[in-house]
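Colleague: Could you take me slowly through one part of this model, choosing the part where aromatic rings meet, and then show me what surrounds that part?

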Amino acid sequence: MTVWLTSDTHFGDEGILAKAGRPFESVSRMDDALIQSWNAIVRPQDVVWHLGDFAHAPKGATKRYFRKLNGRKHLVVGNHDGDEARSCGWFSVHELTSLRICGVRLVLCHYPLLSWQGSKRNQDGDVHSIACHGHVHGTPADPRVPHLDPYRIDVGVDMRSMAPANVEELVADVRGAMTRVQE
């Protein structure tokens, strides 16, 4: 079983194409591409934590998107997740939560945090706690949030090639970055 993080899919959201500069000619092509990239890597037994803004779609469409996606899905609520999104059948729904993977606490929130549980322990050069978020629709070329803190990670699809991110790889990337900083 693999654990994945993602955010800001905005299924069915016509406006996100221009707002986030997504490279699709229509919302239906975006939705198809997001579903395809998700299901290409996420297996049915995998766990996916969606950090908010799942869909901004016409009534009834949100649950159809949800049913097309592989994995045991959890939601950390974003600013566009209303009653329909919250009632899709998630394994759990949270405003903010944390989990421990690879010996690291992952604090999961839709919004970027300046400080979070365990963040002060990171000062010794080891990786104790990582804050994972979405919301800002950053891209590798324009992160939109000054990432001066290497322990804060944007897992939104715009930052991650329109696909969920593997948690073990994210933790390894942060550990690798900290090793390079110390050298």
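What follows is a walk through the aromatic rings, then a sheet, then a single residue in a loop.

Modeller: Please keep in mind from the start that this is a predicted model. Let us begin with the aromatic rings, for which the count comes to 5 aromatic pairs. One of these pairs is formed by Phe54 and Trp90, whose ring centres are 5.2 Å apart and whose planes stand at 85 degrees to each other, an arrangement that is called edge-to-face. This pair links distant parts of the chain, since Phe54 sits in the loop between strand E2 (47-50) and helix H3 (61-68), whereas Trp90 sits in the loop between helix H4 (83-86) and strand E4 (92-94), 36 residues apart. If you look for these two side by side in the structure, you will also find that both Phe54 and Trp90 are buried.

The pair belongs to a wider group, in which ring pairs link Phe11, Phe54, Tyr65, Phe66 and Trp90 into a cluster. One member of that cluster, Phe66, has a charged residue over its face, namely Lys73, at 4.3 Å from the ring centre. A similar arrangement involves Phe91, where Arg72 lies over the face of the ring at 4.7 Å from its centre.

From the rings we can turn to a sheet, which is open, has 4 strands in the order E5-E6-E7-E8, and shows mixed pairing. Its edge strands are E5 (96-101) and E8, each of which pairs on one side only. Neighbouring strands of this sheet are turned against each other by 25 degrees on average, with direction ignored. At one end of the order, E5 and E6 (residues 104-109) run antiparallel and are joined by 6 bridges, and to follow one of the partnerships by eye you can start at Thr97, whose bridge partner in E6 is Leu108.

The edge strand E8 also leads us to the last stop, because Val157 is found in the loop between strand E8 (152-154) and strand E9 (165-166). Is Val157 buried or exposed? Its relative accessibility is 1%, and because buried means under 20%, Val157 counts as buried. Leaving aside residues up to four places away in sequence, Val157 touches Thr6, Ser7, Asp8, Thr9, Arg22, Leu34, Met162 and Ala163. As a last comparison of sequence with space, Val157 and Glu169 are 12 residues apart along the chain and 16 Å apart from C-alpha to C-alpha.

Technical notes: Residues numbered from 1 in each chain as written. Predicted model: local features only at pLDDT ≥ 70, side-chain atom pairs only at ≥ 80, totals over all residues. Heavy atoms only, no water. Helix = DSSP H or I, 4+ residues; strand = E, 2+ residues; numbered from the N terminus. Buried < 20%, exposed > 50% of the residue type's maximum accessible area, 1.4 Å probe, protein only. Contact = heavy atoms within 4.5 Å. Pairing = 2+ DSSP bridges. Axes fitted to C-alpha atoms, helices over the stretch in contact; angles between N-to-C directions. Phe/Tyr/Trp six-rings, centres within 6.5 Å; stacked < 30°, edge-to-face > 60°. Lys NZ or Arg CZ within 6 Å of the ring centre and 35° of its normal.
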